Amino acid sequence: MADLNKLAKMLQELDDMMVACMKCGMCQAVCPVFTETMKEADVTRGKIALLENLAHEMIRDADGVQERLNRCLLCGSCAANCPSGVKVMDIFLRGRTIVNTYMGLSPVKKAILRGMVGNPKLFNMLLDVGSKFQGIFTSQANELLGSSCSKFLSPIIGDRHFSPLAKQSLHSKYGTIDIPTGKSGIRVLFFPGCVADKMYTKAGEACLKVFRHHGVGVWMPAAQACCGIPALSAGDRVAYDKMVKFNVNIFADGDYDYIVAPCGSCISTIHELWPQFAGEYPEDLRNKIDRIAAKAMDINKFVVDVLGVKPAEAPKGGTKVTFHDSCHLKKSLGVATQPRDLIRMNPNYELVEMNEADRCCGCGGTFNLYHYDLSKKIGERKRENIVASEAKIVSTGCPACMMQMTDMLSQHNDSVAVKHSIEIYAETL
Amino acid sequence: MLSESLIKEFKSIVGDENVFTTEADRQSYSYDSAVLEPVVPALVVRPTNSEQLGKVVALCNENNNPITVRGAGTNLSGGTIPDKRDGIVVLTNGLNKILEINEQDLYAVVQPGVVTAKFAAEVAKRGLFYPPDPGSQAVSTLGGNVAENAGGLRGLKYGVTKDYVMGMEFFDVNGQLVKTGSRTVKCVTGYNLAGLMAASEGTLGVFNEIILKLTPPPAASKAMMAVFDDVNKASEAVAGIIAAHVVPCTLEFMDQACMRYVEDFTKAGLPVDSAAILLIEVDGHPAQVADEAETVVKVLEKTGATKIVVAKDAAEKLKLWEARRNALPSLARARPTTVLEDATVPRSQIPAMVAAINNIAKKYDIQIGTFGHAGDGNLHPTILCDKRDTKEFHRVEAAVDEIFDVALSLKGTLSGEHGIGMAKSKWMEKETSRATIEYSLNMKKAIDPKNILNPGKIIAGR
Ligand SMILES: Cc1cc2nc3c(=O)[nH]c(=O)nc-3n(C[C@H](O)[C@H](O)[C@H](O)COP(=O)(O)OP(=O)(O)OC[C@H]3O[C@@H](n4cnc5c(N)ncnc54)[C@H](O)[C@@H]3O)c2cc1C
Ligand code: SF4
Ligand code: SF4
């Protein structure tokens, strides 16, 4: 049984945050899930109403509350558009933790989050082994996209088209990287993030190339845990805390100016969520987290704002590239012009804007696992916008979006490639 | 509690997926944008075509279940809070088709669940203009706009929603289709039932299709900001502009308290040390715009504006409107609860109203920021408080009472655009008369004998 006093305190904190919602309903205009289902329970306002009765509701229908709270991409579109400045992400993440604390986590989630993702060594090993055997289970779906689909009926993969695991992950290829500061006078802690480390290694390699070119010192500890967002969004504070502490223990001692990742989700987690959810940690740990969080910066922003890379004139007539604003990158971190600048740096490409470039692609991390039908519908709209732009490449700043767009484009057998914006810039070096 | 067999009947009309029965789903239709106690509906039903809508209405009536139709639920007066006696919420977002846009005859036919901004954008794509622009247009529905007779920033010159309703089809309480108005510019066939339906807040019928008037868009426009060191001078300028026979499309007011919050949040460079500002836009033929802008500037100078900033280009204009549009958002960030009121007075009484609001704020020791559509006398005194602080909230309630008393004593009205709903029905008799209430009640009784259509709204006490 959950500790009732703790739950009561968590509920009180939640209440204090929710009272700012004036129920104006403006979140309906931007919520991708609401656009598909048109149900008030699927938009922020409805979820806040549900959470306002949380204590009462959990006792009556904890499953129902959990199911509704989970029908959210955590894309932050509503928060970015909320007149009252309601801290929606914070509310939803806390709400999920409360419900899970009350209900206890399902054994499957527990096994995945605490046993695997929360245990970086095991997680890395399993995926390294997996990358060797994946060919037995999958076949190629779209050559240009390099996507695969499952050969057998599989409940987890379903009819998804996915990018295969890299033959060699970054951490197994490089182990620890420790390069001293060069001409830039700057040294970074490189945090590739799970997806770039294990799947889109090209994005990770591109970052390393950029660092090398600009004389940026790099420290990439071989042992890094996941940033924690999958666990936090599943409401699993135990696994989340474990991941954060694992990383902080290693990162706190290093000598670096910035923590850079090619993933908007990882950076917004480290930069925003780590300090936000550090309330109950000991003071020493909190201080360490604050120092680390302040240094976290997305790769696009780092290259443009810190290294000062800027295009003189936008090239015309090259292969058309369109850019998808990942939610965490644009709505949480406010990074939108920088990746476009990086694409404009490459004279072989011409940047064309798609409609609704900053509309969520529908991935939403674990949302894609539990609500694939909805995720797919939202992704279809993104795919239509990409195709309508007539671009041959869609670029973005977040590996999770790359996965989702690859799936959507591959399912339609479109000849549009998916590339990280840093890859496009690195091609010029 | 509704019987299983009744729920089944609803399901057979609209399909299982369009009947929401779980507590969690129903709870999310228990409130709207007004600060009122929520009421969880017994059932939520979403028809997706006309036939279903008519059948749903008839079935509710047969079973004595009150119907509350819900568009986007953004009204600010409790219009979509369902009835406590097994009330049923009927959603219109399954009825969201634009059926016709007639470019030659300048009208459109729409279903009630079409989102206002989407409609305005579709119309604009064809080079036409639908002027009503409530602040909530990104989500509010045309059905909800008609039922509330919503206004907006352009109300002064272009009027409010009812001025664009040429006709409609609605279901009466028995589920029979009633038609009124036409696609012609002139139509005096029978009672003006469409006029009656505007601002009826779902109490007299359920709209099925609405015929809306369109206009050509203005060819040019010019926007400016005028700064005043005295609220009275700002109001004199409003009267002066109208007296000079210029009708701007927008003439907005913002007081010092409001400006300070907006500035805190937007850093738009507002003159926070001044007493008030006016934001003005004139539009029309380019020659007329130039002429009218000149007249407006003259009036502003004569009435003592300390500074006049004319927007040089589209970007500067956008900056001015952004400041205005951010009035509510900025105020909403100041304290947990925002009570947005809608007191409206004859234009000449704006100084008296603004002064009274400031006194009321002092008397009850509460924070009020005031902005609004000065051009049509429609002010939005916005009270910033915390509804969980019951002592403070009692003071807020008393202050609201007094604000309305003052508005009425100045020959104003309870609502310029937000409707009466549940929130203001207790003042109805004060503004009108017992006879008006009785006349309205008789009409309602004849139309809806069992009081099924959104009971408790506008004229309570039945
Ligand atoms: C941020 C914000 C800004 C706003 N700005 C303005 C503004 O500038 N001007 C203004 O006038 N208002 C404004 N409002 C108030 C509100 O948006 C309007 O009243 C709007 O018209 C309501 O539309 P809705 O679709 O949300 O209707 P709802 O709130 O869902 O419903 C309103 C009423 O209409 C009835 N109704 C809805 N559809 C039908 C139908 N098909 N048949 C019969 N009855 C129906 C409902 O029963 C209810 O009584 C604002 C509100 C917010 C939250
Ligand atoms: S936009 Fe913000 S204040 Fe408005 S209903 Fe949504 S969460 Fe609440
Ligand atoms: S975070 Fe995204 S999906 Fe979730 S409620 Fe907000 S807008 Fe909708």
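Me: How do the residues of the shell around ligand 1 divide into nonpolar, polar and charged?
Reply: In this predicted model, the shell around ligand 1 divides into 11 nonpolar, 20 polar and 4 charged residues.

Me: Which residues are the closest to ligand 1, and how many surround it?
Reply: Ligand 1 is surrounded by 35 residues, and the closest of them are B:Val69, B:Gly71, B:Thr74, B:Ser136 and B:Thr141.

Me: Where does ligand 1 lie with respect to the chains?
Reply: Ligand 1 lies between chains A and B, although the residues listed as closest to the ligand carry the chain letter B.

Me: What do the backbone atoms of B:Gly73, B:Phe207 and B:Glu417 lie next to on the ligand?
Reply: For B:Gly73, a polar backbone atom is 2.8 Å from an oxygen atom of ligand 1. A backbone N or O atom of B:Phe207 is placed 3.0 Å from a nitrogen atom of the ligand, and for B:Glu417 a backbone N or O atom is 3.2 Å from an oxygen atom of ligand 1.

Me: And how much of the ligand does the protein bury?
Reply: The area that ligand 1 exposes when taken alone is 970 Å², and 97% of that is buried by the protein.

Me: Which elements give two or more residues to that shell, and which gives the most?
Reply: In chain B, strand E3 (67-70), helix H5 (142-148) and strand E9 (206-213) each give two or more residues to the shell around ligand 1. H5(B) gives the most, with 5 residues.

Me: Let's move to ligand 3; which residues are the closest there?
Reply: Ligand 3 has 13 residues around it, and the closest are A:Cys31, A:Cys72, A:Leu73, A:Cys75 and A:Cys78. The elements that give two or more residues to this shell are helix H2 (32-37), helix H5 (77-81) and helix H6 (88-103), which belong to chain A.

Me: How many of those are nonpolar, polar or charged?
Reply: The shell around ligand 3 has 10 nonpolar and 3 polar residues, and no charged ones.

Me: Anything odd in the backbone; what is phi at A:Leu74?
Reply: Phi of A:Leu74 is near 55 degrees, which is a positive value in a residue other than glycine. A:Leu74 sits in the loop between helix H4 (54-70) and H5 of chain A.

Me: Is A:Leu74 buried or exposed, and why?
Reply: A:Leu74 is buried because its relative accessible area is 9%, and the cut-off for buried is under 20%.

Me: What about B:Lys411, where is that one?
Reply: B:Lys411 is in the loop between helix H14 (390-409) and helix H15 (428-431) of chain B. B:Lys411 is not a glycine either, yet its phi is positive, at about 65 degrees. With a relative accessibility of 70%, B:Lys411 counts as exposed.

Me: Switching to charges, how many salt bridges are there over all chains?
Reply: The count comes to 52 salt bridges over all chains. In general terms, side chains of opposite charge can pair when their charged atoms come close.

Me: Which parts of the chain does the pair A:Lys173 and A:Glu205 link?
Reply: The side chains of A:Lys173 and A:Glu205 meet in a salt bridge with an N to O distance of 2.8 Å. This pair links distant parts of the chain, with A:Lys173 in helix H9 (residues 170-174) and A:Glu205 in helix H11 (residues 201-214) of chain A, 32 residues apart. A:Lys173 is partly exposed, at a relative accessible area of 43%, and A:Glu205 is also partly exposed, at 23%.

Me: And A:Lys198 with A:Asp197, buried or exposed?
Reply: A:Lys198 counts as buried at 8% relative accessibility, and A:Asp197 is buried with a relative accessible area of 6%. The closest N and O atoms of their salt bridge are 2.8 Å apart.

Me: How many residues apart are B:Lys125 and B:Glu122 in helix H4?
Reply: B:Lys125 and B:Glu122 are 3 residues apart in helix H4 (residues 116-125) of chain B, so about one helical turn separates them. They form a salt bridge whose closest N and O atoms are 2.9 Å apart. B:Lys125 counts as exposed at 65% relative accessibility, whereas B:Glu122 is partly exposed at 27%.

Me: Which residues are linked in a network?
Reply: A network of salt bridges links A:Lys9, A:Glu13, A:Asp90 and A:Arg94.

Me: Last one, what is the mean pLDDT of chain A?
Reply: Chain A has a mean pLDDT of 86, with 85% of its residues reaching 70 or more. Among the elements of chain A, strand E2 (residues 147-150) has the lowest mean pLDDT, 58, and strand E8 (residues 296-298) the highest, 97.

Note on methods:
Residues are numbered from 1 along each chain as its sequence is written. Chains are lettered from A and ligands numbered from 1 in the order in which they are written. This is a predicted model: local features need pLDDT of at least 70, side-chain atom pairs count only at pLDDT 80 or more; totals for chains, interfaces and linings use all residues. Side-chain values use heavy atoms; hydrogens and water are left out. A residue is near a molecule or strand if one of its heavy atoms lies within 4 Å of it. A polar contact is a pair of N or O atoms within 3.5 Å; within protein, one must be able to donate a hydrogen and the other to accept it, and residues adjacent in sequence count only if both atoms are side-chain atoms. Accessible areas come from the Shrake-Rupley method with a 1.4 Å probe; for residues, only the protein chains shown count as cover. Helices (H or I, at least four residues) and strands (E, at least two) are DSSP runs, numbered from the N terminus. Ala, Val, Leu, Ile, Met, Phe, Trp, Tyr, Cys and Pro count as nonpolar, Asp, Glu, Lys and Arg as charged, and the others, Gly among them, as polar. A salt bridge is a side-chain nitrogen of Lys or Arg within 4 Å of a carboxyl oxygen of Asp or Glu. Buried means under 20% relative accessible area, exposed over 50%, partly exposed in between (1.4 Å probe, protein chains only). pLDDT is the predictor's confidence in each residue, from 0 to 100.
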